[in-house]
Amino acid sequence: MEAMTNKSMQPRCKGCGRTPEQIDEYVYRAVTEKKYFKGANDVVRQDDGTYNPETGQFYCTDCYIKAGMPLGTA
């Protein structure tokens with residue numbers, strides 16, 4: 001079964017609940033790499049290995065480390 005992606009779903013960190021716009025590293029990449037990303041949400045959706053498109057969850061770097069750096073998606 002193919003995963004359903006919902007582009008209108010707001011990505012949120014599974015650990016702290018913040019959105020990409022609230023996390024400096026994603027905002028910075030969105031600004032400095034405008035050629036590739038439309039915004040901080042886009043950075044997470046396209047380039048974060050922990051992003052789960054079915055749930056909209058991901059781990060920010062701090063929460064990923066606190067969680068023990070698990071393999072797979074959030």
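## Overall fold

Three helices and two strands make up the secondary structure of this protein, and the model is a predicted one. Reading from the N terminus, the elements come in the order β-α-α-β-α.

As for how the chain meets itself, take the contacts between residues at least 6 apart in sequence: 46% of them join residues at least 24 apart.

## How far to trust it

The average pLDDT is 90, with 86% of the residues scoring at least 70. The start of the chain is another matter: residues 1-5 have a pLDDT below 50, and beyond near neighbours in sequence this stretch makes four contacts in the model. Where pLDDT is low, the predicted coordinates shouldn't be read in detail.

## Inside and outside

Of the 74 residues in the protein, 32% are buried. On the outside, the protein exposes about 5,100 Å², and 51% of that comes from carbon and sulfur atoms.

Now for the interior. The largest nonpolar core holds 13 residues, and Tyr26, Phe58 and Cys60 have the most contacts inside it. Two elements, α1 (24-32) and α2 (40-47), each give two or more residues to this core. Helix α2 supplies the largest share, at three residues. As a bit of background, nonpolar side chains in soluble globular proteins tend to be buried together.

## A backbone oddity

One residue to look at if you're checking torsions is Met69: its phi is positive, about 50°, even though it isn't a glycine. You'll find Met69 in the segment that comes after α3 (61-66).

Methods: Residues numbered from 1 in each chain as written. Predicted model: local features only at pLDDT ≥ 70, side-chain atom pairs only at ≥ 80, totals over all residues. Heavy atoms only, no water. Core = buried A, V, L, I, M, F, W, Y, C linked by side-chain atoms within 4.5 Å. Buried < 20%, exposed > 50% of the residue type's maximum accessible area, 1.4 Å probe, protein only. Helix = DSSP H or I, 4+ residues; strand = E, 2+ residues; numbered from the N terminus. pLDDT = per-residue confidence, 0-100. Contact = heavy atoms within 4.5 Å. Areas by Shrake-Rupley, 256 points an atom, 1.4 Å probe, with all protein chains shown as cover.
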